[in-house]
Each structure stands twice: as structure tokens, then as C-alpha cells.
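Work through the exercises below with the coordinates open in a viewer. Each task is followed by a solution in steps.

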There are 2 protein chains.
Amino acid sequence: NVVYRAISPSEFFYKNRDIAGFSSPARSLYMSIRELVENSLDAAEMGRILPEVLIELGEEDAERGVYRLRVVDNGVGVPGDKIPSAFATVLYGSKYGFKQSRGTFGLGGTMALLYGQITTNKPAKIMSSTDGKTLYIYELMIDVVENKPRIISSEKKPSPGGWRGTSVEFSLEADYPGARAKILDYIKHTAIVNPHATLTFIDSKGRLYHYPRMVEKVPEPPRETLPHPVGVDVEMMSRMLMETKARNLLTFLTTSFQKIGPKTAKEVLELAGLKPETSPRKLSHEQVTALVDAFKRYDKFRPPDPTPLSPVGKDFLEAGIRRIFNPDFVHVVQREPSSYSGHPFIVEAAVAYGGTIPVTETIMLFRFANKIPLLYDERADVAWKVVEEKIDWSNYKVPKPAPLAVFTSICSTKVPYKTVGKEAIADRPEIERELTMALRECGRNLKLYLSRIEKREAAAKR
Amino acid sequence: NVVYRAISPSEFFYKNRDIAGFSSPARSLYMSIRELVENSLDAAEMGRILPEVLIELGEEDAERGVYRLRVVDNGVGVPGDKIPSAFATVLYGSKYGFKQSRGTFGLGGTMALLYGQITTNKPAKIMSSTDGKTLYIYELMIDVVENKPRIISSEKKPSPGGWRGTSVEFSLEADYPGARAKILDYIKHTAIVNPHATLTFIDSKGRLYHYPRMVEKVPEPPRETLPHPVGVDVEMMSRMLMETKARNLLTFLTTSFQKIGPKTAKEVLELAGLKPETSPRKLSHEQVTALVDAFKRYDKFRPPDPTPLSPVGKDFLEAGIRRIFNPDFVHVVQREPSSYSGHPFIVEAAVAYGGTIPVTETIMLFRFANKIPLLYDERADVAWKVVEEKIDWSNYKVPKPAPLAVFTSICSTKVPYKTVGKEAIADRPEIERELTMALRECGRNLKLYLSRIEKREAAAKR
Ligand SMILES: Nc1ncnc2c1ncn2[C@@H]1O[C@H](COP(=O)(O)OP(=O)(O)OP(=O)(O)O)[C@@H](O)[C@H]1O
Ligand SMILES: Nc1ncnc2c1ncn2[C@@H]1O[C@H](COP(=O)(O)OP(=O)(O)OP(=O)(O)O)[C@@H](O)[C@H]1O
Ligand SMILES: [Mg+2]
Ligand SMILES: [Mg+2]
């Protein structure tokens, strides 16, 4: 007999947590740290704050492999009434708007707490203050069947020393020795593209890894913009038509989308066979489809506004690379803004040579997306495809092996991740093209440097 | 100002549909066909019915790239009152139990309809009869924001000619030329591991691809069993303790899990420091954790019952391979049931040589999971890892290049897919080991065959 039922999104991600990256105790520890650190950096960015992030890992029960993880930041905090849902509800968050942020799904932080809960049966402790005056302290568990918080305890008191920020603490079954190398790389690489952030990690053996900030400047934060007309489908269009306050289609187009002025709006409406004075709410099914089709056929939309983006920046990227590798040569490129399917993106790339970069047969590739280091699934990533298949490094006089490091950074309102675990980027043609152009420019500059070295060595021999 | 909100699971998979496999018009057509065919085969299996599946693709608007897709089967059908939720609600289905089925997430069929809806703004047409007497006909759209069906029309009438089964029909923006090769492979390979199914595909150019069934026997269907104690976490244990009707822990253990008899139950309870007569509902938080820990430490659980599995079968697999490749040599292996994390699985493998198999440098690998062909992400799959890295084919006298085809089939209550799009399988050590043993056995048999051929050719030369 066939039993039909619905499951909640938390139940779905509980049953399929390996698809979200929580596959083994080592990988789950890595994912927990990265999800929490990314939340902390987003929170600092929201408030134009120079980030301070502290990660503490302690052994709670060595025999059972249970650790205690705590991540503390000085970001904007979470309002007291929002804390339970933010941390104990899947598909709930503040990053669903049209602007660049590390978080995107509304599930990372909750997944970490969920994993901790199902392996240790203990509540998580969340503390946060948004104003330095009032501190909220919660002990939370997740009702996995219903996808809602279970508040074990809650407290509200003055924030000691005017502290503002967020602290997330929970227990989890983990494998630190198995995850350690990747965790240390994650923190080190995060410091490369966020040199304005102070990052501290104290591990379960008491070892301290400290990356004090190298620059005192806060990057220009992304600002939300209206959606771009390219890539709009009937679902999006139908919703916007329902929600708009505009009284006619002309105003609807110019006020709901970026890059549509009155002239463009009139041309698009003509292409759709619609009158500019029609009320948006009075469109028939066929007319909505015609409007979306007109958007697809109209090929004169200007490219998207890069305001919702916040790239690493050439100076920041160079400073970050120099700090870690002290290379003899660095060249950094930042491409002009581009877009795919209506999502603006900026590619930045760099090559570094010499210094403490190890001499390797295969190229050392460091991948970043929205200032997050990507450390898994390298072969599935578009950056790997470009570095390995689209660029012939011998054209740029690169020997084999060589002390060469390549850095790729993609910032977008929507990074086309291949998986929920955010590790590899899909090969959208526009992104592949921008990466190729950026790396060729880096290659040409590297070639000039290597030629000079070659000449100098030849002269020295004579 | 920070805006916090929740999104529904349909909203999540709409925004992130590329993560579910719906990334391009070509890939989305492939996914739509496979999700519907897999639903049809599951439906036939449910009723021990010899499957008949018809796939029809028509061009609806060539200029706009809009097609009409229809998949019809003779399976068990969907009850009239369940049709709207089954097809227009994400995370709703009948395959959440503990037994093997192609479907597992409760989202594939709805995703296909969702993709069609957002690209064409048209409703889907679903017809189904569970008894050959009453036919239900629905026109449905999905309310993506709320994750619920919008019934455009519904009808109930006598089922013409006593027809029982399901028909799913909808329009979608697609790219058939770009998807055609993969679609034809999908159907052909489905016929390999389902030789009892009659599959028919009529494409938009009117071409007919027909695979009449080769065997008249229905495979033994999987039967749901109790969960296995290995891999149980505190979330699962807490729920089972709440829901059980057992009056004491001893009965709870013997009636809620497979492979736990009274003796085993007493040993486990002793390990947990719990009394057998305690009421399951009276356990404290710490006691639930202690019980789960005892499960983890107890190493004498017998392996899982293979009753919830339904492997391809050696005779079926050989018949399927012979039909497609007419090889000179085939060897098929079915391993004994094994398990990972409490999920039973059976590995089957085969090698075929000669016949119409093309001579290739790289090995032609055909991967299957729960009788579904996997055609993407080969390099990320555990089967590829084993075929390329764990097996040295030259040990078995395989030349390079060679007319060699390798087939791997994994059947489980939970296939460890790496993604929601079901294309690559994670390298769980137990699965990797079983694949390696199966392919080595195939290799040894292939070696005997190739040695005989070698001797025969040497004799012919003299
Ligand atoms: N350290 C923090 N400081 C401020 N807000 C936070 C912090 N951690 C989490 N939040 C809030 O909780 C919400 C949910 O976090 P969660 O990590 O689950 O999802 P997300 O970051 O929105 O998306 P993703 O799943 O991609 O990480 C965030 O959107 C943010 O509003
Ligand atoms: N052709 C069909 N015949 C009978 N039942 C069907 C058919 N197609 C869909 N269903 C029902 O609708 C439910 C939802 O289907 P859907 O494909 O969305 O999810 P699923 O098959 O359960 O899981 P998955 O997402 O892994 O495919 C199924 O569980 C099944 O009960
Ligand atoms: Mg997050
Ligand atoms: Mg399905």
C-alpha cells in the first residue's frame, strides 16, 4: 500500500546531508567552520566593520570524538527575535536579495548546528548583540521534522563591555586530525582575499594560528540593485507584475528593472505587442508570456550595474598574496564587470612566481568565489578547466616544474555553484571567457618577467 | 536595513535549479525525460507490472524553442486526491521508506513541471487511473512561492478501455539537438538493465526508437524492512522512541530494528547502562545519547537484510548487454549483499569484449544506480575511480586500445549520490571495495578468454 507524505526542508537536508557537504566527521568539521566563518565575514561586511573572527576548537570527549566549536565575530549581530529562526530554521536568512554575499541559500549555519545536534544531542549556544547594549543568549535545538527552533533557554541582559557581534557555539562529532590541513588552508586562504580581516584559530591542541589584518580599509560593500531584464522568466515576471505599485506597464518596466529607461521600455513593449498604458495587474497569461519573450528577443539591454558587487580589489589581492608567498613576481588583473543570465560578475586573477611557492609539476591553483576559498572538487571547477585546457603556460616561458601559483576570484550576485556545498563553479561561457582573458593577461606579464630573468642569467654567464 | 525571510523548498529549487540538474535547455530536457521515465519504472515495479513506457516529444513552437513532452506508463497510477501534491509540490512523494527505488527526494517530477512552467507559462496535464475504472485528469500549475498546486481544471470520468497508468504532459523550452545523443543513450542504457520493460521514444522529427521487452519475467520487487541499527543517530533514535508502541526498551529494540533479537538487545542495553524494563518514552536526554553511543560501540550486529533491494540480476544484465553489443565475451558478477552506514547494497558488474563494442583507448564505462543509467559526471564517480585507479586491466591481458565495455550497477536503500541531480556516486569505502572485488573477478574471467584467443591465434599461425 502506497504511503504519500511531505517532508520539511530540514528533514530533506537531514536525510541528504552528504549532498550539503556534511559527509564524514572530518568534512563536517570543515563545513561547520567554513559556514560559520562565512556568516561572520558577511556580518562584518553588512556593517562596514573591519572583521574580527575568532575560531576556537576544543576536545570535549576524546574517546567519542566529540569536539566543542565556537566562532565569535564583531559583526552586525542578529536581532534577538530573529536568532532562533536564523540558526534553527533551514531556508531562512537575510541574503536572498539581489547583491553579492557569501551566504546565499539560507541553510549553512543551520546545517552545522543540525549536524552537531544529531551527533551529540546537545543544544547550541548563540549569543548576539546588534547595538552593544543588549545581549541575547539562546540555547537552541532544531525540530528537524517541523523545521523550526526549539528554544531550550533564552536570556537578555546588558552586553558586557558594550560588545557587539555574534558568538555561535556547539558540540559535534568530528575528526580534527583528518580535517586539520584543509581547515588551516581555509583560514590562510581566507586571509589572502580578506586582508582587512583579523582571523584567529585556536585548535584543540592549544595551537594558535593568527592572521592580523594587513590593511585598515573596509572594502566598498555591495549595494542591492533592481534585477536586470536578461534572464527573467515568467515566474519572476508574474510575481513582479502582481507586486508592483506602478499604474501602467511603462512605469512598471522603468521602476522594476535596472537599465530600462523610457525609450527602452517603449521598444520592449512594442516588441511584445503591449500598450504602455496597460495596467500591470490586468495582463493575461499570454501577455505575460509575450512580455517575457520580448525581453529575450530584445538584444539592446545595457549590461548589468556592478553596484551589487564587491570584488577583492587589486591592491587587497596583491597584499594577500605577498603576505603568504613573498613571491618574486606578482601580477594582478581585475576585469571589467560582465554578466551571465542577468547576474553581474567581476573576475579577478593573479599569478605569482618564486618566493616560497613550492616548485610543482601541476599548477597550484587557488580558487575564490565571493571571497570564499574553494578547496574541494578542483577538477569540476571552471577555473581548473581554464588553467589546464585554455591556457598554454609554456607560451609564457613557464618551465615544468615551476614555482607558479595561480589565483582566480569570481564575485557575483549569484555564483553558479554546482552543489549545495559550494565547492566548484559551473562553466558558464561568459565566466569561462572572462577567466581566460584575465589569465592570458597575467601570463603575458609573467612572460615579460621570465624573459628578463632569462636575459639577466644569460648575461651573468658571459 | 536587514530583511530576514523564509523561502519555501520550491522557491529554493526554483532559484537554484541548476543544482538540481536543470542548468541549460538541453540538460533540462534530458532531466525532464529521465525524471519522468524513472517515475514510470518505479510505478510499474510497485505493482509487479511488466513496464510499458512511451516518451513523445513534439515541437510546439520551433522559433521559440518550445517543445511538448509526454510520458505515458502502465504503472500503478496515482490516486486522484494525491495527483496535485505528487506533481506540483516539492518534497512530497511515496518513496521515503526504507527500500530501494529510483526516486528518493520527492522532487524530480515536480522540478520538470516547474522548469516547463517557468519557461512557457503553461499548465501541465496529468492523467492517471489506479484501477482501470476511473480516470482523473488535471491541469496543474505550481505555486512556487507557497510550494503547493494550483489546479487549473480537474475532471473525473470512466477510464477508456480500462486503461490503468499515468500520463504526464507539459511544454518546456528545450534544445533537442543538443540533448539528443544523451537522451538516446539514456533510453538504450535503461533497456540494458530493465530488459523486462518495453520502451518507446518518438522524437520531434517523428523518428521511432523502440526497445521491446526481451524477458517476460518481473524482477522480485524490493520490500520495505525495519531500519538497521548501524548508522542510527540521536535524531532518528529520539523519533523512534517517541513513536514506538513498545512498553519497554527490550521490546522497543527488537520491534523497531532489524537484526536485533532479545540477546542482542540485552547486550546493547547493558553497554548503554540502561535497564530492559525502562519505558522508551521515559528516557532522559543523556540516556538517549548513551543508547546511540552503545549502538556505535556494539560491533556484533549482523549485516542488513537484503529484502529491501531489487538487483538487476545476472541473467537480466547479460541479456541486456548482449542485445545492445552482441559481444564475443560477457562475464557478469553479482556480489553478496553488503552495507554502508546501515544501508544494504548489492554490487553487480560485467565486462564485455568484442562484438559491436568500438575499439577505444579509454575504457567504455556504463554506470547504473538503482537501475538508472548515470550519464554525466563520470570523473566524479566511485566506479570511474575503481576502473581507472584500482584495476590494472593490462594484468588481464587487455590490450590498448581494446573493444572493452565495463558495466557497474549499485542497488541500495540509499544510493550515496553526490548531487541532487543523481549523476555521480560518492566513494564510500564499502562500495569502493565491493566494486573492486566484482571487477577483479570479471577481469580474471576476461583474462581466461583472452588467453584462449591468444593461443588459438598462435596455433593458427603455425
Ligand atoms: N555571525 C552572524 N552574524 C550575523 N548574522 C548571522 C550570523 N550567522 C548567521 N546569521 C544570520 O542567519 C542567517 C542564516 O544563516 P545561514 O548560514 O543558515 O544562511 P545564509 O548565510 O543566509 O546562506 P548560506 O546557506 O549560503 O550560508 C543569515 O542569513 C544571517 O542573517
Ligand atoms: N508515473 C507515475 N506513476 C505513479 N506515481 C507517480 C508517477 N510519477 C510520480 N508519481 C508519484 O509522485 C511522487 C513524486 O514524484 P517525484 O518524481 O517528484 O519524486 P520521487 O520520485 O518520489 O523522488 P525523486 O525526486 O528522487 O524523483 C512519487 O513519489 C510518486 O508517488
Ligand atoms: Mg551562511
Ligand atoms: Mg521521481
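The exercises deal with two ligand sites, then with domains and backbone geometry.

The model is predicted, so local features need pLDDT of at least 70 and side-chain atom pairs count only at pLDDT 80 or more, while totals for chains, interfaces and linings use all residues. Residues are numbered from 1 along each chain as its sequence is written, chains are lettered from A and ligands numbered from 1 in the order in which they are written, and side-chain values use heavy atoms, with hydrogens and water left out.

**Exercise 1. The shell around ligand 1**

Task: find which residues come nearest to ligand 1, and classify the residues of its shell.

Solution.
- Step 1. Collect the residues near the ligand, where near is defined as having a heavy atom within 4 Å of it.
- Step 2. There are 24 residues around ligand 1, and those that come nearest are A:Ser94, A:Thr104, A:Leu107, A:Gly108 and A:Lys422.
- Step 3. Check the chains: the site is shared, because residues from both A and B surround ligand 1.
- Step 4. Sort by type, with Ala, Val, Leu, Ile, Met, Phe, Trp, Tyr, Cys and Pro as nonpolar, Asp, Glu, Lys and Arg as charged, and the others, Gly among them, as polar. The shell around ligand 1 then has eight nonpolar, twelve polar and four charged residues.

**Exercise 2. Polar contacts and cover of ligand 1**

Task: list polar side-chain contacts of ligand 1 with A:Glu35, A:Asn39 and A:Thr166, then state how much of the ligand the protein covers.

Solution.
- Step 1. Take pairs of N or O atoms within 3.5 Å; within protein, one must be able to donate a hydrogen and the other to accept it, and residues adjacent in sequence count only if both atoms are side-chain atoms.
- Step 2. Oxygen atoms of ligand 1 give 2.9 Å to a polar side-chain atom of A:Asn39 and 3.5 Å to one of A:Glu35.
- Step 3. For A:Thr166, the distance from a side-chain N or O atom to a nitrogen atom of ligand 1 is 3.4 Å.
- Step 4. On its own, ligand 1 has 600 Å² of accessible area, of which the protein covers 97%. Such areas use the Shrake-Rupley method with a 1.4 Å probe; for residues, only the protein chains shown count as cover.
- Step 5. Assign the shell to helices (H or I, at least four residues) and strands (E, at least two), which are DSSP runs numbered from the N terminus. In chain A, helix H2 (25-46), helix H3 (83-88), strand S4 (92-93) and helix H4 (108-120) give two or more residues to the shell around ligand 1. H2(A) gives the most, four residues.

**Exercise 3. The site of ligand 2**

Task: describe where ligand 2 lies and what surrounds it.

Solution.
- Step 1. Ligand 2 lies between chains A and B. Of its 24 surrounding residues, B:Ser94, B:Thr104, B:Leu107, B:Gly108 and B:Lys422 come nearest.
- Step 2. An oxygen atom of ligand 2 is 2.9 Å from a polar side-chain atom of B:Asn39, and an oxygen atom is 2.9 Å from a polar backbone atom of B:Gly106. A nitrogen atom of ligand 2 is 2.9 Å from a side-chain N or O atom of B:Asp73.
- Step 3. The protein covers 97% of the 590 Å² that ligand 2 has accessible on its own.
- Step 4. H2(B) supplies the largest share of this shell, with four residues.

**Exercise 4. Domains and backbone**

Task: give the domains of chain A and locate the cis peptide bond at A:Pro401.

Solution.
- Step 1. An automatic or database assignment sets the domain bounds. For chain A these are domain 1 (9-211), domain 2 (234-297) and domain 3 (314-461).
- Step 2. The C-alpha centres of domain 1 and domain 2 of chain A are 42 Å apart.
- Step 3. The bond joining A:Lys400 and A:Pro401 is cis, with omega about 5°. A:Pro401 is in the loop between helix H11 (382-390) and strand S16 (404-412) of chain A.
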